[in-house]
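Subject: Structure for you to look at

Hello,

Here is the structure I said I would pass on. My notes on it follow below.

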Amino acid sequence: MNSVQPIPVVVLAGFLGSGKTTLLNHLLGNRGGTRIGVVVNDFGSIEIDAMSVAGQVGDSMVSLGGGCLCCAVDGSELDAYLDKLAAPVHRIDVIVIEASGLAEPQEMVKMLIANENPAIRYGGLVQVVDAAEFDRTRAAHPETDRHLSVADLVVLNKTDRVDPAERARIEGEVAALCAPGTPLVGADHGRIDPELLFDRRPWTETRGQLSFEDLIAEAEEHDGRDPHADHAHARYESVEFTSDQALSPRRFIDFLDRRPAGLYRIKGFVWFGVPGYQERYEVHAVGRFLRFAPAPWGRGERRRTQLVLIGSGTDGPGLLRELDACREGSPEQAPPESMWGVLRYVAPADRGDDLAAEDDSPPEDGPVPEDGVPA
Ligand SMILES: Nc1nc2c(ncn2[C@@H]2O[C@H](COP(=O)(O)OP(=O)(O)OP(=O)(O)O)[C@@H](O)[C@H]2O)c(=O)[nH]1
């Protein structure tokens with residue numbers, strides 16, 4: 001690849017928790033000699049997703065914080081980031097924008113098509129679908145159907161969480177919602193062939209790409225009303241919690257066990273500071289699904305907890321008060337057993353042997369060794 005050709009800009013979209021960051025990390029980890037520029041657009045000003053992929057992208061990383069790309073960031077700001085990434089000095093082959101899980105992908109595509117920088121070109125819309133949550137997501141968010149209809153490539157992710165018959169049913173439904181011939185690839189932890197995105201003559205050139213006319217028609221639909229009123233995130237609110245004090249694992253698990261149904265997504269990391277469990281515990285909750293992943297702290301990284309909670313109809317200040325009550329002043333005195341509730345939800349995500357538990361699954365008995373892998 002060389003930098004004379006315009007750099008394709010691929011939009012990675014999908015509902016909250018569908019696996020966009022996981023897929024992006026897979027691409028970054030399997031990019032061979034390809035240089036990928038990344039734009040992460042997170043919901044909430046604590047850029048959890050940016051941190052999840054940071055370290056792998058170095059100075060090519062730019063992050064658009066503060067909310068949804070389509071609303072909070074105007075075209076000129078996006079253009080400025082793209083200009084920066086497209087500078088020849090970076091020798092970038094492909095740019096991937098990870099859209100906020102609540103963004104309207106069409107808005108981003110529109111911005112990219114309108115971009116006047118000759119060094120880049122729109123490279124397609126990849127829609128990530130959570131196979132295990134497909135029916136629920138569709139019922140709660142009818143715009144899912146519209147998003148699928150404009151996708152260039154659909155990744156049916158989390159296929160490990162559905163059986164083959166269920167997978168076949170969902171594949172049929174997804175295919176019926178997509179434009180005819182839209183490629184649909186199944187994936188476990190976002191492990192797709194990176195060639196799907198890095199090919200110089202990709203699927204988007206032959207079919208499926210939104211035409212400008214489609215986009216104008218879309219825009220006209222909005223006429224006379226707030227163009228963002230029907231966006232998914234208009235119905236959502238997010239709150240952020242940060243603590244320099246450790247959290248009590250027991251009180252935090254109790255908080256999670258009691259979390260309201262409208263609290264759709266929790267992500268971030270937690271410091272428990274319990275002797276023997278000094279790692280940084282990444283937490284991901286999607287609906288009733290919950291997982292912790294321990295990882296070492298970065299060199300010199302401050303021990304603390306940062307969480308983003310996204311929900312609808314939830315009492316944000318009330319949630320923050322409950323989290324405040326989880327603070328623990330003397331974590332060094334906590335017994336190791338206090339971690340058991342957390343360790344039930346630890347799975348070695350990167351190894352693929354997914355032991356993540358559903359909230360309502362029976363608890364594992366007994367302690368778990370310090371590597372975090374339940375016995
Ligand atoms: N079982 C299973 N879990 C997965 C798979 N892919 C991702 N996950 C988990 O699902 C959770 C959400 O994944 P993310 O990659 O953060 O999802 P996202 O779409 O970036 O989420 P938002 O940033 O909230 O929109 C994490 O706990 C992942 O480890 C998969 O194929 N199977």
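In which helix is P105 found? P105 is in α5, which covers residues 105-114. Please keep in mind that this is a predicted model.

P105 is a reasonable place to start reading. With 24 other C-beta atoms within 10 Å, P105 is buried; the cut-off for that label is 20 or more. Leaving aside residues up to four places away in sequence, P105 touches V11, A13, A99, L125, H147 and V150. G14 is 91 residues from P105 along the chain, yet the C-alpha atoms of the two are separated by 8.5 Å.

One of those contacts, V11, leads on to the cores. The largest nonpolar core has 50 residues, and the members that touch the most others are V11, L12, I95, V96 and V155. For V155, the contacts beyond four places in sequence are L23, V126, V128, V129, V185, A187, G190 and I192. A second core, separate from this one, has 33 residues, including A246, V270, Y277 and V283. As background, nonpolar side chains tend to be buried together in soluble globular proteins.

I36 belongs to strand β2, residues 36-41. I36 counts as buried because it has 21 C-beta neighbours inside 10 Å. Its contacts, again not counting residues up to four places away in sequence, are L27, L28, R31, V94 and V96. Between the C-alpha atoms of I36 and L85 there are 9.4 Å, although 49 residues separate the two along the chain.

Next, the ligand. Where does it lie with respect to the two domains? Domain 1 (7-221) and domain 2 (236-358) both contribute residues to the shell around the ligand, so the ligand lies between them. That shell holds 25 residues, and the closest are G19, T21, T22, G101 and H284. By type, the shell has 4 nonpolar, 11 polar and 10 charged residues. Three elements supply at least two shell residues each: α1 (20-29), β10 (263-271) and β11 (280-286). The largest share, 3 residues, is that of α1.

β10 also turns up in the surroundings of helix α12. This helix spans residues 249-257, and its buried residues are P249, F252 and I253. Viewed down the axis of α12, these buried residues fall within an arc of 100 degrees, so they line one face of the helix. An α-helix has 3.6 residues a turn, so residues three or four places apart point the same way. The cover over the buried residues of α12 includes β9 (246-247), β10 and α14 (340-343).

Two loop residues are worth a look for their backbone angles. K158 sits in the loop between β6 (153-157) and α8 (164-177). Its phi is near 60 degrees, a positive value in a residue other than glycine. H189, in the loop between β7 (184-186) and α9 (195-198), has a positive phi of about 55 degrees and is not a glycine either. Is each of them buried or partly exposed? K158 counts as buried, with 27 C-beta neighbours inside 10 Å, whereas H189 has 19 other C-beta atoms within 10 Å and is partly exposed.

Regards

Methods: Residues numbered from 1 in each chain as written. Predicted model: local features only at pLDDT ≥ 70, side-chain atom pairs only at ≥ 80, totals over all residues. Near = placed C-beta within 6 Å. Helix = DSSP H or I, 4+ residues; strand = E, 2+ residues; numbered from the N terminus. Nonpolar A, V, L, I, M, F, W, Y, C, P; charged D, E, K, R; others polar. Domains from an automatic or database assignment. Buried ≥ 20, exposed ≤ 12 C-beta atoms within 10 Å, placed from the backbone. Arc of directions from axis to C-beta. Contact = placed C-beta atoms within 7 Å. Core = buried A, V, L, I, M, F, W, Y, C linked by C-beta atoms within 7 Å.
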